[in-house]
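Me: I would like to learn how to read a model like this one, feature by feature. Could we begin with a single residue and work outwards from there?

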Amino acid sequence: KNISARALLLVIIGTCVAVQFGYAQMVASPDGRFISYGDGTVFDMRTEIMWAAQDNGSDINWFQARTFTENFRGGGYRDWRMPTAAELETLYDGRKLQNVSCGGEPVHLATDFIKLSCRYVWSSERQGGEFSFFFFDRGYSRFYPQSYNGLRVLPARLGVRR
């Protein structure tokens, strides 16, 4: 109940900001959890994380993923970062399917507002010389060498749209 009231308040604030700054393409998901701003960003009301609306679109290693994220300017923001594996896991929903262009297996994303081009997404977490990534087709994370060139990145940032 408390979370619902908080989510409703964030939707109202987001709507007011959208109207004030002219984000006419702002759309809420049917369950009210996600807001797509139409500028390449999607806000998750439950976690208060803003996501890029799509991954980088091609195979990259961890260093390239970090550079991509640091240079990402979705929505005009400059504070994008690589998400943790736990943050990526919040986007996983085994009941929903989305087709991807690589690998053949569909992914399980909690929203259609975010598009992945492949099943595997790098995270910021490190264990020795390996970094974790999240399997969006299976719902768990693993560690791979940072030089592995076969994953995507989905930038994230904290906070509501200002």
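**Reading the model from one residue outwards**

Reply: Gly40 has its place in the loop between β2 and β3, and, since this is a predicted model, what follows describes computed coordinates.

Me: Is Gly40 buried, partly exposed or exposed?

Reply: The class follows from the relative accessible area, where buried means under 20% and exposed means over 50%. Gly40 has a relative accessible area of 31%, so this residue counts as partly exposed.

Me: What does Gly40 touch, once residues up to four places away in sequence are left out?

Reply: With those residues set aside, Gly40 touches Trp51, Ala52 and Ala53. Another relation is spatial: Gly74 lies 34 residues from Gly40 along the chain, with 5.7 Å separating their C-alpha atoms.

Me: How should I read a loop residue such as Asp112 by the same steps?

Reply: Start with its location, which is the loop between α3 (85–89) and β5. Asp112 is exposed, because its relative accessible area is 54% and the cut-off for that class is over 50%. Its C-alpha atom stands 9.1 Å from that of Leu97, a residue 15 places away in sequence.

Me: Which elements make up the protein chain, and in what order do they run?

Reply: The protein chain contains three helices and eight strands, and, read from the N terminus, the elements follow the order α-β-β-β-β-α-α-β-β-β-β.

Me: Which strands form an open sheet, and in what order?

Reply: For a sheet, one reads the order of the strands and then the direction of their pairing. Here three strands form an open sheet in the order β5-β6-β7, with antiparallel pairing. β5 (120–127) and β7 are the edge strands, each of them pairing on one side only, and neighbouring strands of this sheet are turned against each other by 35° on average, direction ignored.

Me: How many bridges join β6 to β7?

Reply: Strand β6 (residues 130–135) and strand β7 (residues 140–145) run antiparallel and are joined by six bridges. Phe133 stands opposite Arg142 in β7, while Phe135 has Tyr140 as its bridge partner in that strand. The hairpin of β6 and β7 has four residues between the strands, and Gly139 in this hairpin takes a positive phi near 90°.

Me: How many residues does the largest nonpolar core have, and which of them make the most contacts inside it?

Reply: The largest nonpolar core has 27 residues, and those with the most contacts inside it are Trp51, Leu91, Leu109, Ile114, Leu116, Phe136 and Leu154. At least two residues of this core come from each of β2 (34–36), β3 (41–44) and β4 (49–52), and β4 gives the largest share, four residues. Another core, of 11 residues, lies apart from it and includes Trp62, Met82, Tyr120 and Trp122.

Me: Which residues does Leu109 touch, beyond those up to four places away in sequence?

Reply: Leu109 touches Leu91, Asp93, Lys96, Gln98, Ile114, Leu116 and Phe136 under that restriction. For the protein chain as a whole, 46% of its 162 residues count as buried, and, among contacts between residues at least 6 apart in sequence, 55% join residues at least 24 apart.

Me: Where in the protein chain is confidence lowest, and where is it highest?

Reply: The average pLDDT of the protein chain is 88, and 83% of the residues score at least 70. Confidence is lowest in helix α1 (residues 2–21), with a mean of 54, and highest in β4, at 98.

Technical notes
Residues numbered from 1 in each chain as written. Predicted model: local features only at pLDDT ≥ 70, side-chain atom pairs only at ≥ 80, totals over all residues. Heavy atoms only, no water. Core = buried A, V, L, I, M, F, W, Y, C linked by side-chain atoms within 4.5 Å. Buried < 20%, exposed > 50% of the residue type's maximum accessible area, 1.4 Å probe, protein only. Contact = heavy atoms within 4.5 Å. Pairing = 2+ DSSP bridges. Axes fitted to C-alpha atoms, helices over the stretch in contact; angles between N-to-C directions. pLDDT = per-residue confidence, 0-100.
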